[in-house]
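The following exercises are to be worked with the sequence and the coordinates at hand. Each task is followed by a solution in steps.

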Amino acid sequence: MNGEAPPRPLDYLTAQGTHALEVLPLTWGVLIISLLVTAIISVLVVSGILLRRVPSGGPIPPVARTGSGMRWIYIGVGLSTIVLFGTAVWTMRVLAAVISPPAEPAFTVTVDGRQWWWRIRYHETRDTPEFITANEIRIPVGVPVRIRLTSTDVIHSFWVPALSGKTDLIPGRINETWIEATAPGVYRGQCMEYCGWQHARMGFVVVAMEGAAFDAWRASQVLPASEPQNAAIAEGKRIVMTHCCACHTIRGTEAGGSAGPDLTHVASRLTIAAGTFVTDRTTLEYWIRHPQRAKPGNRMVDPDLDLEATRLPAAYILKLR
Ligand SMILES: [Cu+2]
């Protein structure tokens with residue numbers, strides 16, 4: 001796990017990001033108002049039943065437009081109009097506040113939703129070329145990052161509750177949002193628009209790092225994959241080149257497929273299979289041997305390899321840091 005804390009659970013009632021901090025009071029406000037409304041209505045309905053003036057079993061008289069009962073209607077409509085109007089204004093103010101970040105974003109990341117993982121492209125900046133990764137977004141603490149969202153297949157939704165609200169990824173369209181973390185940490189994200197069988201296992205992590213650590217990470221990500229250091233790893237690489245290169249890219253090798261995540265530095269990521277497993281030898285071996293058992297229906301086919309022959313590619317992939 002590279003010494004980092006495990007991803008926090010999806011908790012939307014606290015916030016660690018500038019964007020989420022703007023939304024948080026509204027979340028709590030609407031939650032409390034909804035609970036109060038439910039409580040008040042329940043009390044009124046129950047007392048209405050208990051205090052009814054018509055003996056049970058008798059005929060129910062038609063509703064009359066006169067009489068003291070009407071007062072309740074006027075009070076009820078009046079109060080809910082004021083509360084709903086207030087909430088609408090509050091919501092619009094929050095939306096206006098989060099539409100753009102407080103400062104010009106440091107760089108842009110394009111997130112492309114796939115059933116059921118995330119392709120992540122860091123755009124080039126003045127001093128770094130662009131590069132592609134998957135299922136993990138690393139950002140420096142204290143600066144906004146622009147997130148462009150699109151999809152290759154169906155509609156997905158990008159949500160990192162501790163950092164930002166939800167934004168959809170729509171095929172043929174680019175939506176924009178931004179994130180900024182106020183503290184270093186590992187924040188869990190999740191697809192929030194039902195997108196098929198493995199929707200629940202379409203997670204990701206955002207890792208917020210101090211500036212220097214982030215720069216070092218980014219410098220390592222643009223490099224090609226490391227070369228095998230011994231014969232066993234070289235044999236693992238050979239198996240990967242014959243069985244896996246149609247779907248995966250490993251920069252610096254002949255593997256150039258694009259149906260699956262870029263594996264150039266996959267072992268440096270905290271999780272595999274879109275947040276489903278922590279990256280380690282056991283999970284990688286299991287994944288490579290039985291991807292259809294590990295995440296049924298996902299777009300990686302079960303390879304035709306025996307047990308020994310899956311250990312070697314796993315050993316090679318663990319070196320792709
Ligand atoms: Cu999805």
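A residue is called buried if 20 or more other C-beta atoms lie within 10 Å of its own, exposed if 12 or fewer do, and partly exposed in between, with C-beta atoms placed from the backbone. The model is a predicted one: local features need pLDDT of at least 70, side-chain atom pairs count only at pLDDT 80 or more, and totals for chains, interfaces and linings use all residues. Residues are numbered from 1 along each chain as its sequence is written.

**Exercise 1. Burial and backbone in three loops**

Task: Determine whether Asn 135 is buried or exposed, and state what is particular about its phi.

Solution. Step 1: locate the residue. Asn 135 lies in the loop between strand E3 (131-134) and E4; strands (E, at least two residues) and helices (H or I, at least four) are DSSP runs, numbered from the N terminus. Step 2: count neighbours. Asn 135 has 23 C-beta neighbours inside 10 Å, and therefore counts as buried. Step 3: read the torsion. Its phi is positive, about 60°, although Asn 135 is not a glycine.

Task: Carry out the same steps for Ala 274, and classify its environment.

Solution. Step 1: Ala 274 sits in the loop between E11 and E12. Step 2: with 25 other C-beta atoms within 10 Å, Ala 274 is buried. Step 3: the phi of Ala 274 is near 60°, a positive value in a residue other than glycine.

Task: Which peptide bond leading to Trp 116 is cis?

Solution. Step 1: Trp 116 is placed in the loop between strand E1 (108-114) and strand E2 (117-122). Step 2: the bond from Gln 115 to Trp 116 is cis, with omega near 0°.

**Exercise 2. The sheet that contains E4**

Task: In what order do the strands of this open sheet follow one another, and which are its edge strands?

Solution. Step 1: apply the pairing criterion, under which two strands pair if DSSP finds at least two bridges between them. Step 2: the 5 strands follow the order E4-E10-E9-E6-E7, with mixed pairing. Step 3: strand E4 (136-140) and strand E7 (167-169) each pair on one side only and are the edge strands. Step 4: neighbouring strands are turned by 25° against each other on average, direction ignored; axes are lines fitted to C-alpha atoms, for helices over the stretch in contact, and angles run from 0 to 180 degrees between N-to-C directions.

Step 5: examine individual pairs. E4 and E10 run parallel and are joined by 5 bridges; Pro 140 has Met 209 in E10 as its bridge partner. Strand E6 (residues 156-159) pairs with E7 in the antiparallel sense over 3 bridges, and His 156 has Leu 169 in E7 as its bridge partner.

Step 6: add the helix. Helix H3 (residues 211-221) packs on the sheet and touches E4 and strand E10 (203-209), its direction making about 135° with that of E4; contact means that the C-beta atoms of two residues, placed from the backbone, lie within 7 Å.

Task: Which residues of E4 are buried on each of its faces?

Solution. Glu 136, Arg 138 and Pro 140 are buried on one side, and Ile 137 and Ile 139 on the other. In total, 5 of the 5 residues of E4 are buried.

**Exercise 3. Helix H5 and Pro 303**

Task: Why do the buried residues of H5 line one face of the helix?

Solution. Step 1: the buried residues of helix H5 (residues 281-289) are Leu 284, Trp 287 and Ile 288. Step 2: seen down the axis of H5, these residues fall within an arc of 95°, so they line one face; the arc is that of the directions from the helix axis to the C-beta atoms. Step 3: recall the general geometry: an α-helix has 3.6 residues a turn, so residues three or four places apart point the same way. Step 4: the cover of the buried residues includes strand E11 (271-272), strand E12 (277-278), helix H6 (291-294) and helix H7 (307-318).

Task: Which residues does Pro 303 touch, leaving aside those up to four places away in sequence?

Solution. Step 1: Pro 303 belongs to the loop between H6 and H7. Step 2: its contacts beyond that range are His 243 and Ile 288. Step 3: the C-alpha atoms of Pro 303 and Ile 288 are separated by 7.3 Å, with the two residues 15 apart along the chain. Step 4: Pro 303 has 16 other C-beta atoms within 10 Å and is therefore partly exposed.
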